[in-house]
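Work through the exercises below with the structure open. Try each task before you read its solution.

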Amino acid sequence: MSRYTIAVTRTALRHADPNAIIGYDRPLQTFFLQAFPDASGEDLELWLGTDLREFETLSQLSLGARIV
């Protein structure tokens, strides 16, 4: 699994997460994005790419993140 730290911003809410994680999960064959942890740090407000082949390209992940 590859993981990289990026900044994610929700423009409409003026909310940003400078420590969001983007990467590729080889067993699930999907790109994923994790951002906006809750106060406890245990749950995430945004977690995309949890199903098999959900986002096979970065373009699909980018579009999915914009829709949420």
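The model is predicted.

**Exercise 1. Lay out the sheet**

Task: In what order do the four strands form the sheet, and which strands stand at the edges?

Solution:
- Start with the order. The open sheet runs β1-β2-β3-β4, with antiparallel pairing.
- Now find the edges. β1 and β4 each have a single partner strand, so one side of each is left without a neighbour in the sheet.
- Add the twist. On average, neighbouring strands are turned by 20 degrees against each other, direction ignored.
- Place the helix. Helix α1 (residues 58-67) packs on the sheet and touches β2 (15-25), β3 and β4. Its direction makes about 30 degrees with that of β3.

**Exercise 2. Follow β3 to its partners**

Task: How many bridges join β2 to β3, and over how many do β3 and β4 pair?

Solution:
- Take β2 first. Five bridges join β2 to β3, and the two run antiparallel. D25 has T30 in β3 as its bridge partner.
- Look at the connection. The hairpin of β2 and β3 has four residues between the strands, and Q29 there takes a positive phi near 55 degrees.
- Turn to β4. β3 and β4 pair over four bridges, again in the antiparallel sense. L33 stands opposite L48 in β4.
- Check that hairpin too. Six residues lie between β3 and β4, and G41 takes a positive phi near 80 degrees.

**Exercise 3. Examine T30**

Task: Is T30 buried or exposed, and which residues is T30 in contact with beyond its sequence neighbours?

Solution:
- Locate the residue. T30 belongs to strand β3 (residues 30-37).
- Read its accessibility. The relative accessible area of T30 is 0%; buried means under 20%, so T30 is buried.
- List the contacts. Leaving aside neighbours within four places in sequence, T30 is in contact with G23, Y24, D25, G49, D51, R53, E54 and F55.
- Focus on F55. The C-alpha atoms of T30 and F55 are separated by 5.0 Å, with the two residues 25 apart along the chain.
- Find the polar atoms. A polar atom of the T30 side chain lies 2.9 Å from the backbone nitrogen of F55.

**Exercise 4. Assemble the core**

Task: Which residues make up the largest nonpolar core, and which element gives the largest share?

Solution:
- Recall the trend. In soluble globular proteins, nonpolar side chains tend to be buried together.
- Collect the members. The largest nonpolar core has ten residues: V8, A20, F31, L33, A35, F36, L46, L48, F55 and L61.
- Assign them to elements. β3 and β4 are the elements that give two or more residues. The largest share, four residues, comes from β3.
- Compare with burial. Seven of the eight residues of β3 are buried, so the strand is mostly covered.
- Trace one member. Neighbours within four places in sequence aside, F31 is in contact with G23, Y24, L48, G49, F55, E56, T57, L58 and L61.

**Exercise 5. Find the salt bridge**

Task: Which side chains meet in the salt bridge, and how is each residue classed by accessible area?

Solution:
- Count first. The structure holds one salt bridge.
- Name the pair. The side chains of E45 and R10 meet at 2.4 Å, N to O.
- Map the pair. E45 is in strand β4 (residues 44-48) and R10 in strand β1 (residues 2-10), 35 residues apart, so the pair links distant parts of the chain.
- Class E45. Its relative accessible area is 46%, and E45 is partly exposed.
- Class R10. With a relative accessible area of 19%, R10 falls under the 20% cut-off and is therefore buried.

Methods:
Residues numbered from 1 in each chain as written. Predicted model: local features only at pLDDT ≥ 70, side-chain atom pairs only at ≥ 80, totals over all residues. Heavy atoms only, no water. Salt bridge = Lys/Arg side-chain N within 4 Å of Asp/Glu carboxyl O. Buried < 20%, exposed > 50% of the residue type's maximum accessible area, 1.4 Å probe, protein only. Contact = heavy atoms within 4.5 Å. Pairing = 2+ DSSP bridges. Axes fitted to C-alpha atoms, helices over the stretch in contact; angles between N-to-C directions. Polar contact = N/O pair within 3.5 Å; in protein donor to acceptor, adjacent residues only side chain to side chain. Core = buried A, V, L, I, M, F, W, Y, C linked by side-chain atoms within 4.5 Å.
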